[in-house]
Each structure stands twice: as structure tokens, then as C-alpha cells.
Amino acid sequence: MSHLSIKQEVARRRTFAIISHPDAGKTTLTEKLLLFAGAIQIAGSVKARKASRHASSDWMEIEKQRGISVASSVMQMEYKDCVINLLDTPGHQDFSEDTYRVLTAVDAAIMVVDAANGIEPQTIRLLQVCRARNTPILTFINKLDREVREPLDLLGEIESHLGMDTIPFTWPIGMGKSFGGVYDLQLDRMRLFRPGQERRGNDDFIEGLDNPLIREKFGSAFEKAHEEISLIKEATPDFDHEAFLAGKQTPVFFGSAVNNFGVQEVLDALVKWAPKPGPRQALERIVQPDEPKFSGVVFKVQANMDPAHRDRVAFVRVSSGKFERGMRLKVSRTGKEIRPNNVVSFLSQRRDLLDEAYAGDVIGIPNHGVLHLGDVLTEGETLQFTGLPFFAPELFQGVEVKDPLRTKQLRTGLTQLGEEGAIQVFRPEAAGGALLLGAIGQLQFEVVAHRLKTEYGVEARLMPSRYTMARWVTSDNPKALRKFMDSNAAHIAYDVVDALAFLISSPAQLRVAQELNPEINFHAMREHA
Ligand code: G4P
């Protein structure tokens with residue numbers, strides 16, 4: 001049992017995710033952060049998971065990954081009196097929708113940039129999600145032990161993509177073979193780089209920028225860095241905590257994750273500057289994190305390993321109050337009560353925290369389908385949080401069952417996989433139309449076909465579809481909506497929550513529909529409501 005008040009527990013929570021383009025070093029940084037925070041046991045499992053990720057189109061690997069990732073989906077650790085929750089995001093871009101939803105459950109993000117490549121496409125999409133929510137971002141520029149791009153160029157690029165001021169907290173002296181270390185602009189000292197350095201505690205520092213020792217040791221690399229540092233000191237605004245929290249400034253750190261270098265600074269900045277969990281807007285009212293009563297939101301649903309049991313783990317981010325094992329919870333959507341006992345929690349170090357969770361923490365609740373994405377759990381109050389995004393699919397396939405006697409199983413399977421967020425399922429309004437699957441990444445179809453077979457005993461036939469886009473449609477004018485539906489009956493479908501969607505085969509078709517129907521709103525994103 002914690003002897004701290006709810007308010008104190010909330011104040012020491014830091015919940016974040018790492019975003020990056022594949023291969024920038026997310027896995028490595030994750031592992032090093034865990035190492036530096038002293039959570040060594042889990043560090044190994046991160047690497048193991050990455051190993052299985054490489055062959056991600058292999059069925060067995062997908063299965064394995066689903067199993068492993070329940071355990072490493074959330075990594076909780078204690079560092080400097082803070083409880084840090086690191087929420088993992090799927091590595092494969094075909095599952096990016098999952099990533100977007102995970103980002104709704106964090107209070108901050110660390111962006112890892114490969115210093116040789118700068119900002120890469122996949123980072124941009126993730127950044128947009130963070131920007132839309134004003135999520136504060138810390139930036140780690142990785143791989144300075146290689147010949148990389150000029151640090152000033154990188155800052156310029158980050159600024160233009162993020163629309164945020166970059167505030168360097170450290171600055172590299174040299175790079176590649178001549179990488180000497182980073183100068184800490186806050187503490188006015190240089191941390192010397194040693195390749196393959198063993199964890200923290202045995203670092204060498206040189207105090208002060210004008211210390212002749214630095215010049216002596218690093219010669220021209222130092223002269224260059226010195227100039228850059230003077231430039232930065234003049235040209236960049238001071239770090240402003242409020243501006244960071246509002247997503248207007250990003251502190252920047254340089255380092256080499258694989259060499260354990262520069263990681264300490266990021267971890268320290270995270271506990272010092274990243275926000276504690278804040279209030280959450282529900283439709284009914286604003287929910288404060290330190291309210292006595294528990295509330296939480298399901299932001300991710302994951303099938304368990306054992307296909308025979310077909311149970312799933314709902315990942316719930318605590319929004320308020322205190323979760324205790326065995327407590328009775330109400331699902332706002334259905335009014336049903338649940339009493340989860342075998343809750344999965346993710347703390348690695350301190351057993352005494354296992355039975356409690358506070359705002360910012362994540363608990364995993366095994367269930368047989370009673371919990372859906374976006375569901376809100378409370379101690380009785382009906383609450384509805386908004387903001388869990390579903391994106392309009394960009395790939396479509398029709399689906400039919402090979403054996404008509406298993407049509408019911410197909411429907412059940414697709415409903416459940418749809419609720420899990422593994423795929424989007426559309427039911428055409430026109431009679432006799434085959435169900436349509438919508439995805440962001442091709443791999444999603446393969447996973448669904450595989451899981452239909454192994455978990456539901458259904459051999460599904462996937463068929464090409466002429467659709468390439470979908471838009472959810474709404475209107476303030478019911479008559480206009482009715483008219484639109486009638487004149488486009490062949491292209492109207494309902495998704496799992498019966499939201500109306502317009503199926504489209506070309507961008508031109510969408511433009512025409514928009515011009516002809518000014519009273520209809522076409523949405524590329526649907527928020528869970
Ligand atoms: P990801 O999760 O973002 O996809 O990236 P990951 O951490 O797996 O890193 C991608 C590759 O970059 C790995 O090499 C990793 O060792 C390397 N790397 C990470 N940080 C640094 C760094 O600071 N400097 C250098 N030079 N390399 C770094 P790999 O060969 O793909 O894998 P592995 O065999 O090393 O595990």
C-alpha cells in the first residue's frame with residue numbers, strides 16, 4: 001500500500017511513448033532508458049521482441065509478437081521518485097493505427113531522430129498526431145558516433161517539420177570517429193564520450209566551455225562546436241517550461257543510444273520537465289486526475305496468445321482516482337459491471353505497487369469481449385471520453401467465407417477483430433453486398449485472414465475491391481443526409497459502431513460528392529464517441 005495521497009502519486013507519474021522512423025534507434029533507446037532507470041530485468045525482453053519483429057510477415061512471428069508484446073506493451077519503472085510509464089508503439093508501420101491510439105494515452109513523447117537521416121516520413125505522421133494534441137515532445141538525435149548531418153541543419157529541419165522551436169540542451173563536439181562527447185548547455189560541462197560505455201556512474205566530465213582542457217583534447221572539433229554553441233546561445237530563446245508543455249518548444253539532446261551516451265540527460269529531462277497526468281475532458285465534465293473515484297479508458301485491445309481461449313487484454317489508461325485489485329467497475333457504454341481480478345500490471349521493480357494504479361498508469365484487464373476500444377470504466381458514474389481516433393482506411397478488400405455454413409462464425413470473428421481495432425469492417429447498405437475490410441497497412445489483412453482461420457475456424461476468401469478511400473459522413477440536416485444516402489446507395493456502408501461511411505474509388509469522386517452535397521460533412525477521421 002502506498003502511503004502517499006492520490007495527489008502525490010499522480011504528481012510523480014510520467015507517461016510517455018517513443019516515436020521514430022524504423023531503425024532510428026527506438027528499441028535501443030527504450031532498452032537504455034530502462035537500464036539507466038535500473039529496470040534491467042525488462043531490458044532484455046525489449047531486444048528479444050525486436051528480434052522477432054524483423055520477420056513480421058511470417059505467421060509464427062506475428063503470433064509470437066502478440067504474445068510477447070502484451071508483456072512489453074507497457075514498461076513501468078521507478079526513477080528519482082518518479083513512476084515512469086513507457087508505452088510501446090508497434091514497430092511495423094502497417095499497424096500505425098494502433099500507434100495513433102497509444103499516443104492518445106500518453107502525456108509526452110520522445111522523438112528519436114537518426115542524425116544521418118533527419119526527419120523521416122513515418123515520423124511525420126506520428127508527429128502530426130502529437131501536434132494535434134499539443135503533446136510535449138523531447139527530441140533525441142541519435143548515432144553521433146557515425147558520420148552524420150550537420151547538427152545545425154538537423155535543428156532547422158526539425159523546426160520546420162514540428163513547427164516548434166528547438167532548444168538544444170546538449171551539443172555534440174565532433175561526430176563519427178572524432179565524436180568527443182556532448183556539451184551540456186544547462187550544466188555548463190562536457191560529458192566525454194567513450195564508445196561502448198557501460199551504464200551510468202562512471203562518466204568523465206570537463207567543466208566549463210572555456211576550459212583549455214577541452215580545446216587541447218578536441219582541437220578543431222571543439223572550435224567548430226564552440227562557434228555553434230555561441231551561435232545557438234544568441235539565436236535560440238531560453239527554454240520555457242510552459243512553452244514546452246504547450247508543444248511549442250522541444251528540448252534537444254544529442255547522443256548515441258547504442259553506446260549508452262546521452263541517455264542519462266534524456267531520462268533526467270523526462271522526470272524533470274515532462275508533465276504529470278492532467279485533467280481529461282469527458283463529454284459530461286472535466287475529470288481531474290486526483291479525484292478520489294477511479295475512471296479509465298480502454299485505448300488498446302490485444303488478443304491473447306492462446307487462440308483456444310480467445311480472450312483479450314484491454315489496456316486501460318487510468319484517468320482518475322485509484323485502481324485497486326478486485327474493485328467493481330462499470331462499463332459506461334453498456335452499464336455492465338465487471339470485477340477484474342487477474343489484472344495485468346507492468347511494474348518491474350517494486351512489488352508493493354502492484355495492487356494499485358493511479359492516473360497515468362496502465363492496467364491490462366483480460367476479458368472475453370466485454371471491453372471495446374474507447375470504453376470508459378468508472379466506479380458507477382457514466383462518463384464518455386472523446387478523442388480516440390479511427391482513421392479512414394486506405395486499402396480495402398471484400399471478404400467472403402469459403403464454406404457458407406460458417407457465415408455466422410465469419411461475422412462473429414470480424415466483429416471481434418473489428419472491436420479490437422485489428423481491422424475496420426464495413427457492412428454495405430445494398431442488400432447482398434459482401435462485407436468489406438478496410439485497413440491502413442496490407443499486413444492487417446493477412447493477420448486478419450490468419451486469425452479468422454486459427455481463432456474462429458473460418459477460411460475466408462479475400463477479394464480485391466474497387467474502393468480506395470472512405471469518409472464518414474454526417475450532416476446537421478437529416479433530410480440532406482437521407483437524400484445523399486439515397487442517391488449514393490451503392491456506396492454507403494456502416495462500420496462496427498453503425499457509423500455511416502461513404503465508399504469511394506477515386507479522389508475525383510470525393511471532390512464531386514463534396515461539391516454536390518455542401519450540407520454533408522466528409523470525415524477522414526472518426527473519434528470514438
Ligand atoms: P528501431 O527500434 O527504431 O527500429 O531501431 P533500433 O533500436 O533497433 O536500432 C536500429 C539499428 O541502429 C540497430 O542496428 C542499432 O544497433 C543501431 N543503433 C542504435 N543506436 C545507435 C547509435 O547510437 N549508433 C550506431 N552507430 N548505431 C545505433 P542493427 O544492426 O539493425 O541491429 P543490431 O544488430 O545492432 O541489434
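**Close-up views of a predicted model**

**View 1. Bridge between strand 23 and strand 25.** Glutamine 397 has leucine 437, in strand 25, as its bridge partner. The model shown here and in the views below is predicted. Strand 23 covers residues 395–401 and strand 25 covers residues 435–439. Five bridges link the two strands, and their pairing is antiparallel.

**View 2. Open sheet of eight strands.** The strand order is 26-23-25-24-28-29-27-30, with antiparallel pairing. Strand 26 (460–464) and strand 30 (521–523) are the edge strands; each has a single partner strand, so one side of each has no neighbour in the sheet. From one strand to the next, the twist averages 40°.

**View 3. Helix 11 on the sheet.** Helix 11, residues 407–420, packs on the sheet and touches strand 23, strand 24 (424–428), strand 25 and strand 26. The direction of helix 11 makes about 130° with that of strand 24.

**View 4. Helix 14 across three strands.** Helix 14, residues 507–516, lies across strand 27 (469–474), strand 29 (500–504) and strand 30. Relative to strand 29, helix 14 runs at about 130°.

**View 5. Residues around the ligand.** The ligand is surrounded by 17 residues, of which Lys26, Thr27, Thr28, Ser256 and Val258 are the closest. Helix 2 (residues 26–36) supplies three residues, the largest share of this shell. By class, the shell contains four nonpolar, seven polar and six charged residues.

Terms used
Residues are numbered from 1 along each chain as its sequence is written. This is a predicted model: local features need pLDDT of at least 70, side-chain atom pairs count only at pLDDT 80 or more; totals for chains, interfaces and linings use all residues. Two strands pair if DSSP finds at least two bridges between them. Helices (H or I, at least four residues) and strands (E, at least two) are DSSP runs, numbered from the N terminus. Axes are lines fitted to C-alpha atoms, for helices over the stretch in contact, and angles run from 0 to 180 degrees between N-to-C directions. Two residues are in contact if their C-beta atoms, placed from the backbone, lie within 7 Å. A residue is near a molecule or strand if its C-beta atom, placed from the backbone, lies within 6 Å of it. Ala, Val, Leu, Ile, Met, Phe, Trp, Tyr, Cys and Pro count as nonpolar, Asp, Glu, Lys and Arg as charged, and the others, Gly among them, as polar.
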